[in-house]
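Open the model in your viewer and keep the selection box at hand. We will go stop by stop.

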Amino acid sequence: NQNVIQVSRDPANWAIQSGDYAGTRYSKLDQITTANVGDLKVAWTFSTGVLRGHEGAPLVIGNVMYVHTPFPNTVMALDLNDEQKIIWKYEPKQDPTVISVMCCDTVSRGVQYAEGKILLHTADTSLIALDAKTGKELWKVVDGDPKLGATGTGAPLIAKDKVIVGVSGGEFGVRCYLTAYDMNSGNKVWRAYSMGPDSDILVDPEKTTSLGKPVGENSSLNSWNGDQWKIGGGPTWGYMAYDPEFNLIYYGTGNPSTWNPVQRSGPDSKPIDQKWAMTMFARDVDTGVAKWVYQMTPFDQWDYDGINEPILADLEINGVMRKTATHFDRNGFGYTWDRVTGELLVAEKFDPTVNWASGIDMDKSSPTYGRPKLVEKYEPFKTGVDDATKGICPSSLGAKNQQPASYSKLTGLFYVPTNHVCMDYEPFKVRYTAGQPYVGATLTMYPAPDTPDLGNFIAWDGAKGKIVWSKPERFSVWSGALTTAGGVAFYGTLEGYFKAVDQKDGKELFKFKTPSGIVGNAMTYMRGGKQYVAVYSGVGGWAGIGLAAGLRDPEDGSGAVGGFASLSSYTSTGGSLTVFSLP
Ligand SMILES: O=C(O)c1cc(C(=O)O)c2c(n1)C(=O)C(=O)c1cc(C(=O)O)[nH]c1-2
């Protein structure tokens with residue numbers, strides 16, 4: 001969309017959730033530098049009026065800031081020229097019973113902007129276009145059925161004249177999809193399911209490739225047992241990227257349903273891939289047809305949803321400049337692909353404690369090329385039903401979850417918020433009932449064996465596949481990173497600290513304790529000649545679900561309540577925005 005390209009190119013704005021279409025979350029603003037960031041002061045704060053997990057970031061376009069909240073998904077436009085006065089407030093009407101089918105808190109990853117419209121994706125899967133000036137509803141479509149467990153938490157992406165939106169429901173046996181709607185009318189243009197017949201998943205058996213080879217006919221159907229694909233999951237709730245040059249959007253799909261791998265095994269009781277769950281997709285914006293696919297975790301046994309954001313950059317790999325997409329998967333591997341062809345260029349662990357696989361087979365002549373090399377003792381499928389597989393790293397939270405990383409054009413490195421949590425995983429038999437949880441595994445989570453710290457903020461070389469530095473954090477870093485031309489990387493912590501570090505070496509330069517734990521994404525903008533950085537606080541998301549939803553049983557929240565029990569000693573629920581600037 002030309003307007004999005006234009007408004008997001010101006011670093012005074014933060015016009016798109018990921019900062020730009022490439023998803024770099026990098027800002028050219030350089031007033032705040034490594035030398036002066038220690039002097040940051042709170043410029044103003046704003047309470048959203050809602051508790052629970054505040055993911056995503058506000059947008060700034062011109063003199064207006066657009067603030068969003070978790071359920072009930074209120075949107076407010078604030079006047080940055082006039083005391084942050086509320087210009088309009090939009091409160092969608094939703095049936096609150098949707099909350100009971102949201103797996104991992106009532107989060108929303110944010111609104112998007114284009115051509116004078118704000119696009120909002122609500123918990124009940126409504127996609128709503130608002131007039132950015134007045135907050136008036138222009139159109140509304142319903143994308144899925146919460147009665148079946150479909151919910152909306154992901155941010156839409158606006159590419160050309162289309163609004164593209166995903167759906168959640170992997171824990172409820174929803175067969176998930178990605179859908180493009182016409183931005184002006186709300187009419188559906190295409191829908192691409194994550195699994196099913198070729199005509200549903202929009203692949204061309206001859207032209208869509210996986211690791212350079214055509215996927216062939218029925219690539220998905222052939223990899224499921226019987227009709228299991230009809231309740232197959234493959235949710236699409238992460239941040240997406242877009243490359244206007246190649247007309248491709250990039251996004252990942254999540255777990256195959258159920259989490260009990262034994263129930264998903266093939267007709268011969270052997271593992272089968274369950275394509276195209278756990279897959280990175282490159283799709284044509286106009287037709288939705290996939291150009292290439294890559295499945296990160298075939299036959300998932302750990303709930304390593306592949307939804308984490310792809311980040312587009314130009315990287316020099318083995319002396320050659322490549323147009324790349326880099327992705328930090330839940331499964332603990334940092335992948336870099338050629339984003340035009342889908343060729344796998346790099347796949348290395350970004351957390352040294354990852355043990356479920358010893359590596360990714362990079363031998364092009366091998367029959368298992370591109371697949372993880374599994375370690376048998378960490379395979380719940382091998383251990384079997386009603387028996388726990390112990391000591392798997394990472395936990396189902398992933399070595400990184402949805403919290404987006406940033407790519408700095410200054411250093412050429414990626415700055416990645418990570419988790420450092422391991423687990424015991426015990427599958428149990430679960431019957432599918434529409435609209436009821438279809439999880440089928442009990443989890444216990446605990447710190448990785450090498451340190452009591454549950455997280456790290458790391459710098460990653462995407463071309464070499466190496467950690468450059470790693471800064472330990474007491475809890476998982478569940479906040480999105482921001483990098484700036486001032487040499488600073490920003491992120492928040494689950495205890496509620498907003499932090500600034502030096503991109504070069506990770507040295508901490510600033511911290512400030514905000515009112516609640518941070519699961520939002522750091523952003524920056526410029527007004528009246530001054531650079532501001534801002535972040536939501538409001539603890540929640542999967543890691544913070546115990547606090548956010550008032551859960552106490554350690555096994556609740558699929559084990560996250562027990563894993564993050566001590567978080568309640570550091571912070572409490574909230575819902576606010578904190579904005580910083582130099583004095
Ligand atoms: O399978 C799904 O449909 C689904 C949806 C969501 C979501 O929409 O928030 C999460 C997950 N899975 C999930 O596996 C997960 O780890 C997770 C973390 C979070 C979060 O916001 O902190 N959401 C989700």
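Two residues count here as in contact if their C-beta atoms, placed from the backbone, lie within 7 Å. With that cut-off in mind, select Tyr 250. Leaving aside neighbours within four places in sequence, Tyr 250 is in contact with Met 240, Ala 241, Met 280, Phe 281, Ala 282, Pro 310, Ala 325 and Arg 339. Now add Ile 249. Ile 249 and Tyr 250 have the most contacts inside the largest nonpolar core, a set of 173 residues. Colour strand β39, residues 530–537, next: β39 gives this core its largest share, five residues. In soluble globular proteins, nonpolar side chains tend to be buried together.

**The whole protein**

Zoom out. This is a predicted model. The mean pLDDT of the protein is 98, and 100% of its residues reach 70 or more. For the complex, the predictor gives an ipTM of 0.99 and a pTM of 0.98. Switch to cartoon view: the protein has five helices and 40 strands. Its C-alpha atoms fill a box of roughly 65 × 55 × 50 Å along the principal axes. Of the 583 residues in the protein, 61% are buried. Take the contacts between residues at least 6 apart in sequence: 62% of them join residues at least 24 apart.

**Around the ligand**

Select the ligand and the 20 residues around it. Which of them come nearest? They are Cys 104, Ser 168, Gly 170, Pro 235 and Gly 541. Colour the shell by residue class. You will find six nonpolar, nine polar and five charged residues.

**Helix α1**

Go to residues 2–9, helix α1. Val 4, Val 7 and Ser 8 are buried in this helix. Look down the axis of α1: the buried residues fall within an arc of 95°, so they line one face of the helix. An α-helix has 3.6 residues a turn, so residues three or four places apart point the same way. What does the buried face pack against? Show β3 (59–61), β7 (112–114) and β11 (157–159): the buried residues of α1 pack against these strands. Then turn to the other side of α1, where Gln 2, Gln 6 and Arg 9 are exposed.

**Trp 14**

Follow the chain into the loop between α1 and β1 (26–27), and select Trp 14 there. Is Trp 14 buried or exposed? Trp 14 is buried, because 31 other C-beta atoms lie within 10 Å, and 20 are enough to count as buried. Not counting residues up to four places away in sequence, Trp 14 touches Gly 19, Ala 57, Leu 59, Val 60, Met 523, Thr 524 and Tyr 525. Draw a distance from Trp 14 to Gly 62. Their C-alpha atoms are 9.2 Å apart, with these positions 48 residues apart along the chain.

**Backbone stops**

Most residues other than glycine have a negative phi, and most peptide bonds are trans. The next four stops depart from that.

- Ser 257 to Thr 258: this peptide bond is cis, with omega near -5°. Thr 258 is in the loop between β18 (248–252) and β19 (279–284).
- Cys 393 to Pro 394: this bond is also cis, with omega near 0°. Pro 394 is in the loop between β27 (389–392) and β28 (406–407).
- Leu 202: phi is positive, near 50°. Leu 202 lies in the loop between α2 (198–201) and β15 (209–210). It counts as buried, with 20 C-beta neighbours inside 10 Å.
- Phe 299: phi is positive, near 45°. Phe 299 lies in the loop between β20 (290–295) and β21 (310–317). It counts as buried, with 23 C-beta neighbours inside 10 Å.

Notes: Residues are numbered from 1 along each chain as its sequence is written. This is a predicted model: local features need pLDDT of at least 70, side-chain atom pairs count only at pLDDT 80 or more; totals for chains, interfaces and linings use all residues. A residue is near a molecule or strand if its C-beta atom, placed from the backbone, lies within 6 Å of it. Ala, Val, Leu, Ile, Met, Phe, Trp, Tyr, Cys and Pro count as nonpolar, Asp, Glu, Lys and Arg as charged, and the others, Gly among them, as polar. Helices (H or I, at least four residues) and strands (E, at least two) are DSSP runs, numbered from the N terminus. A residue is buried if 20 or more other C-beta atoms lie within 10 Å of its own, exposed if 12 or fewer, and partly exposed in between; C-beta atoms are placed from the backbone. A nonpolar core is a set of buried Ala, Val, Leu, Ile, Met, Phe, Trp, Tyr and Cys residues joined through C-beta atoms within 7 Å. The arc is that of the directions from the helix axis to the C-beta atoms. pLDDT is the predictor's confidence in each residue, from 0 to 100.
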